[in-house]
Amino acid sequence: SLSLKNKGDWERGGRDVANSALRECGFLVLDSLVETKVINRLREAYESFRDSERAKKHFRYPCQGKGRFEYMLPFESPFNSTTAPYNNPILRQILLDFLGGPFKLELMTVINSPPGSGDQRWHQGWRYLFHPEEQLPPYSIVVGVPLDDFTPEMGPTQFCPRRKLRFYHGFRCDEGEVVAIGSTKGSVLL
C-alpha cells in the first residue's frame with residue numbers, strides 16, 4: 001500500500017515504489033488517491049444511472065458470484081469528467097510507466113456486492129495480461145476504485161501476488177499467499 005497524499009510523497013520516490021510493487025507483486029494499492037467528495041459524486045451518479053431503464057436494458061454486464069451484479073458505465077458526464085479517477089495525474093503516470101507508453105481506457109464497470117453475495121471464483125483480471133514467459137511489460141491492467149469503505153471482514157478483493165499467469169497454467173494460491181485488501185473510498189487498486 002502506498003500513500004501519496006501530497007506531491008512531495010510522489011517526488012520523494014513514490015513513483016519508483018509504485019512501479020516496483022507492480023513489477024514485483026503484480027498489484028498496488030494507492031491509499032486515498034482520489035478525494036472522497038469526488039467518489040461520493042460518482043457513486044450518486046452511478047446509483048441514479050443504474051436505476052434507469054437505459055442501464056437495465058443496455059448496460060448490464062455479466063458478473064461472477066451469486067447475488068452480485070455489474071453495470072458498464074457510459075463514457076459521458078460525470079463518468080468522463082476531468083475529476084474522474086482515471087484523470088488523476090499520479091495514476092496516469094503510473095499507468096504510462098507500467099504499460100510502457102500510451103494507453104486507452106477499455107471499459108468502466110461497477111460491481112455491486114450486497115451483503116450475503118457469493119464469492120467470485122479466483123480469476124486473473126485480464127487473461128492475457130502478461131507475455132507467455134511472464135515478462136513485462138504487460139499490455140493492460142485492471143484498475144479498481146472502491147465507491148465505499150470496505151474491510152477484510154466484508155470479503156473484499158484478494159490478490160495472489162507474483163506469478164501472473166498461474167491461473168491459466170493450473171496453479172492456485174496457497175493459503176499463506178493470499179493478500180486480502182481492505183480499503184477506503186478514494187483508494188485505487190491496480
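Which residues are exposed on the other side of helix 2? This predicted model lets us look at that helix up close, along with a few other spots.

**View 1. Helix 2 has a buried side and another side with exposed residues.** To settle the opening question, E44 and S48 are the exposed ones on the other side of helix 2. Turn to the buried residues of this helix and you'll find V38, I39, L42, A45, Y46, F49 and R50. They share one side of helix 2 because they cover an arc of only 130° around the axis. Here's a handy bit of background: an α-helix has 3.6 residues a turn, so residues three or four places apart point the same way. Helix 2 itself has 15 residues and stretches 21 Å from first C-alpha to last, close to the 21 Å expected at 1.5 Å a residue. And what sits over those buried residues? The cover includes helix 3 (53-58), strand 4 (69-72) and strand 5 (109-112).

**View 2. Three strands line up as an open, antiparallel sheet.** Their order is 3-4-5. Strand 3 (60-61) and strand 5 are the edge strands, each pairing on one side only. Between strand 4 and strand 5 there are four bridges, and you can pick out Y71 with its bridge partner V110 in strand 5. Helix 2 packs on this sheet, where it touches strand 4 and strand 5, and its direction makes about 100° with that of strand 4.

**View 3. The largest nonpolar core has 31 residues.** Within it, L28, L30, F79, I94 and L190 touch the most other members. Helix 1 (7-25), helix 2 (36-50) and helix 4 (89-99) are the elements that each give two or more residues to this core. There's also a second, separate core of five residues, with F27, V29, F159 and I181 among them.

**View 4. L190 makes contacts with residues from many places in the sequence.** Setting aside neighbours within four places in sequence, its contacts include L22, G26, L28, L30, L91, I94, I141, V143 and F159.

**View 5. N19 is tucked into helix 1 as a buried residue.** Why does N19 count as buried? Its relative accessibility is 8%, and the label applies to anything under 20%. Not counting residues up to four places away in sequence, N19 touches I94, D97 and F98.

**View 6. D31 is a partly exposed residue in strand 2 (residues 29-31).** Its relative accessible area is 26%. D31 and S183 are 152 residues apart in sequence, yet their C-alpha atoms are 7.5 Å apart in space.

Conventions. Residues are numbered from 1 along each chain as its sequence is written. This is a predicted model: local features need pLDDT of at least 70, side-chain atom pairs count only at pLDDT 80 or more; totals for chains, interfaces and linings use all residues. Side-chain values use heavy atoms; hydrogens and water are left out. A nonpolar core is a set of buried Ala, Val, Leu, Ile, Met, Phe, Trp, Tyr and Cys residues joined through side-chain atoms within 4.5 Å. Buried means under 20% relative accessible area, exposed over 50%, partly exposed in between (1.4 Å probe, protein chains only). Contact means heavy atoms within 4.5 Å. The expected span of a helix is 1.5 Å times one less than its number of residues. The arc is that of the directions from the helix axis to the C-beta atoms. Two strands pair if DSSP finds at least two bridges between them. Axes are lines fitted to C-alpha atoms, for helices over the stretch in contact, and angles run from 0 to 180 degrees between N-to-C directions.
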